[in-house]
Amino acid sequence: MTREATPAVLLFTRDLRLDDNPALAAAARGPVLPLFVVDPRLPAGENRRHFLAECLTDLRESLRQRGADLLVRRGDPVHEAISLAKQIGAGAIHLAEDVSGYATRRQRRLLTAADSARLTVHLHPGITVVPAGDLVPASGDHYRVFTPYFRAWRQIRWRDPAAAPAALSLPPGAADLPRQEPAAALGRIRATARTLPTGGESAAEAAFRQFGRYAAEYPERQDDLAADRTSRFSAYLHFGALSARRVATSPAMPEALVRQFCWRDFHHQVLAAFPALPWEPYRRRADTPDGVDRGGAAPADADTLAQWREGSTGLPIVDAGMRQLQAEGFLPNRARLITATYLVKRLRGDWRDGAAWYDDQLVDADLANNYGNWQWVAGTGNDTRPHRGFNPLRQASRFDPAGEYVRRWLPELAEVTGPQVHEPWRLPEPVRRGLRYPMLDPATLDPATPRSR
Ligand SMILES: Cc1cc2nc3c(=O)[nH]c(=O)nc-3n(C[C@H](O)[C@H](O)[C@H](O)COP(=O)(O)OP(=O)(O)OC[C@H]3O[C@@H](n4cnc5c(N)ncnc54)[C@H](O)[C@@H]3O)c2cc1C
């Protein structure tokens with residue numbers, strides 16, 4: 001058997017694509033067993049699991065078309081990868097390097113177990129545009145501030161694309177190995193959103209082509225809530241059905257969008273350096289017991305938190321966002337900023353409660369991006385202005401000037417015309433009485449709010 005012909009195991013994790021997948025390109029130099037292991041210890045919201053099942057089904061189909069298959073199992077990824085490698089006489093296991101505490105522990109365990117089994121483990125880039133450890137500032141082990149990171153990120157040479165293999169071959173005997181259907185391996189899935197994007201690389205490809213038509217408008221419309229003209233690539237990027245490097249190098253993508261990809265990489269390198277990001281304040285504040293910025297008030301009670309989650313706070317721009325989140329498992333960035341900041345800065349809620357709800361609902365829920373952004377909002381993260389002021393009504397009039405977004409998501413207010421939909425408490429008393437919508441006391445919105453973002 002030549003060196004190239006020694007079989008390899010490709011352990012897919014969240015790089016569920018054929019295109020520009022360095023781990024796949026390397027493993028496919030010989031016979032390859034593509035493997036995905038559902039780890040029941042890894043929690044995930046129902047919307048995300050639904051999307052993942054579709055990603056796996058699509059990936060399996062694409063692998064079959066090229067002469068291979070996807071072996072799906074349920075269990076411990078390390079145990080499954082090692083035992084299958086032994087069964088097929090593999091010499092190596094390939095996988096994409098990832099950054100969370102869970103992923104790095106998995107990588108370490110795999111390296112140890114492979115060592116005992118005389119197998120080689122190859123870690124490849126592919127999850128982010130620039131791998132987390134590739135950019136290190138002159139002082140410190142990672143970048144804490146975005147702008148210098150962006151400068152360095154723009155200057156460094158990005159890796160070359162990895163072509164999708166035209167043909168693949170399975171190692172002898174691989175076709176007979178016991179496997180599970182993706183949906184069965186994931187267990188019962190009860191998606192809660194009414195509409196969800198279709199998962200998988202084929203759907204990502206279609207979304208990429210479709211967005212190409214609007215990409216030029218992105219800089220002007222990225223915050224226009226009613227226009228809904230952001231890429232919606234996030235879930236595809238989270239599961240790796242779309243290559244971040246490919247999008248960021250596409251000439252059709254404007255610089256404003258490429259910059260967002262840098263935010264994604266930025267949060268990933270923060271998580272790599274600070275794995276406690278999902279639960280511990282990244283930059284603690286000295287003046288509160290738990291380091292969280294609540295403006296000195298008591299934390300939100302359970303009812304307030306429930307109203308925020310349900311979208312019945314009485315502030316239309318916030319409620320519209322929270323209803324969209326429930327209906328689609330998605331929110332545009334501007335609506336995430338508005339709803340999250342309202343919880344943390346006005347309702348004095350704990351960012352961890354807000355982030356946990358997002359984590360449960362979002363199809364794109366992502367440890368680095370979700371918790372990194374929540375900490376940014378809470379003033380415990382990487383914002384250089386942690387006391388940034390925020391006026392939700394000003395946000396509403398800037399980013400939903402005609403009230404269209406609010407009317408789309410709040411049927412109770414669908415009949416209220418124009419921008420007055422943002423302040424239903426100002427409507428004439430008889431109109432107000434006819435609305436089945438909670439009336440907020442506008443005094444709680446403190447008019448002396450400092451400048452908003
Ligand atoms: C409180 C809060 C929570 C968030 N939680 C998540 C999350 O769980 N998962 C997630 O992918 N994004 C999260 N974001 C970032 C951002 O809101 C989403 O990535 C974006 O809204 C997804 O929509 P899009 O793909 O249409 O984005 P576009 O505007 O089209 O941007 C393209 C891509 O750039 C990346 N991106 C854009 N904005 C950011 C950002 N602020 N930080 C990091 N990456 C960014 C995403 O990968 C996105 O898909 C969060 C932001 C906030 C304020």
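Let's start with Arg221, which is partly exposed because its relative accessible area is 31%. Its salt-bridge partner is Glu217, and the closest N and O atoms of the two are 3.2 Å apart. Please keep in mind that this is a predicted model. The briefing below moves from charged pairs to a buried arginine, then to an annotated site and a few other residues.

**Charged pairs**

- Side chains of opposite charge can pair when their charged atoms come close.
- How many salt bridges does the structure have? The count comes to 32 salt bridges.
- Glu217, the partner of Arg221, is partly exposed too, since its relative accessible area is 27%.
- Arg426 and Glu423 form another salt bridge, with 2.7 Å between the closest N and O atoms.
- In that pair, Arg426 is exposed, with a relative accessible area of 64%, while Glu423 is partly exposed, with 23%.
- Asp364 and Arg336 also form a salt bridge, and their closest N and O atoms are 2.7 Å apart.
- Asp364 sits in the loop between helix H15 (351-361) and helix H16 (367-378), and Arg336 belongs to helix H14 (residues 333-346), so this pair ties together parts that are 28 residues apart in sequence.
- Are Asp364 and Arg336 buried or exposed? Both Asp364 and Arg336 are buried.
- Salt bridges can also join into a network, and Asp19, Glu205, Arg209 and Arg246 are linked in this way.

**A buried arginine without a salt bridge**

- Where is Arg17? Look for Arg17 in the loop between strand E1 (8-12) and helix H1 (22-27).
- Arg17 is buried, yet it has no salt bridge.
- The nearest side chain of opposite charge belongs to Asp20, 4.7 Å away. A salt bridge needs the atoms to be within 4 Å.
- What does the side chain of Arg17 reach at 3.0 Å? It reaches the backbone oxygen of Gly126.
- Leaving out residues up to four places away in sequence, Arg17 touches a set of residues including Phe12, Leu24, Leu59, Arg159 and Glu201.
- Gly126 is in that contact set as well, along with Gly240, Ala241, Leu242 and Ser243.

**The annotated binding site**

- Which residues does UniProt list for "binding site"? The unreviewed entry gives Tyr218, Thr230, Ser231, Arg232, Phe233, Ser234, Asp364, Ala365 and Asp366.
- These residues are spread over 149 residues of sequence, and they are also spread in space, with up to 22.8 Å between C-alpha atoms.
- Ser231, one of the listed residues, is found in the loop between helix H8 (218-221) and helix H9 (234-239).
- Why does Ser231 count as buried? Its relative accessibility is 17%, and buried means under 20%.
- The side chain of Ser231 reaches the backbone nitrogen of Phe233 at 3.1 Å.
- Beyond four places in sequence, Ser231 touches Phe211 and Leu257.
- Ser234, also on the list, lies in helix H9.
- Ser234 counts as partly exposed because its relative accessibility is 26%.
- If we set aside neighbours within four places in sequence, Ser234 is in contact with Phe330, Arg336 and Asp364. Arg336 and Asp364 are the two partners of a salt bridge described above.

**A buried asparagine**

- Asn47 has its place in helix H2 (residues 46-65).
- Asn47 is buried, as its relative accessible area is 0%.
- A polar atom of the Asn47 side chain lies 2.8 Å from the backbone oxygen of Gln361.
- Gln361 also appears among the residues that Asn47 touches, not counting those up to four places away in sequence. The others are Ala191, Thr192, Ala193, Leu196, Gly329 and Val363.

**Cysteines**

- How many disulfides does the structure hold? The structure holds zero disulfides.
- Cys55 counts as buried, at 0% relative accessibility.
- Cys262 counts as buried too, at 0% relative accessibility.

**The annotated domain**

- UniProt, in an unreviewed entry, places the feature "domain: Photolyase/cryptochrome alpha/beta" at residues 6-129.
- Over residues 6-129 the chain is 44% helix and 21% strand.
- The end C-alpha atoms of this stretch are 30 Å apart.

Conventions:
Residues are numbered from 1 along each chain as its sequence is written. This is a predicted model: local features need pLDDT of at least 70, side-chain atom pairs count only at pLDDT 80 or more; totals for chains, interfaces and linings use all residues. Side-chain values use heavy atoms; hydrogens and water are left out. Helices (H or I, at least four residues) and strands (E, at least two) are DSSP runs, numbered from the N terminus. Buried means under 20% relative accessible area, exposed over 50%, partly exposed in between (1.4 Å probe, protein chains only). Lys and Arg count as positive and Asp and Glu as negative; His and the chain ends are not counted. A polar contact is a pair of N or O atoms within 3.5 Å; within protein, one must be able to donate a hydrogen and the other to accept it, and residues adjacent in sequence count only if both atoms are side-chain atoms. Contact means heavy atoms within 4.5 Å. UniProt positions are given in the numbering used here, feature names are shortened, and annotations may be inferred rather than shown by experiment. A disulfide is a pair of cysteine sulfur atoms within 2.5 Å.
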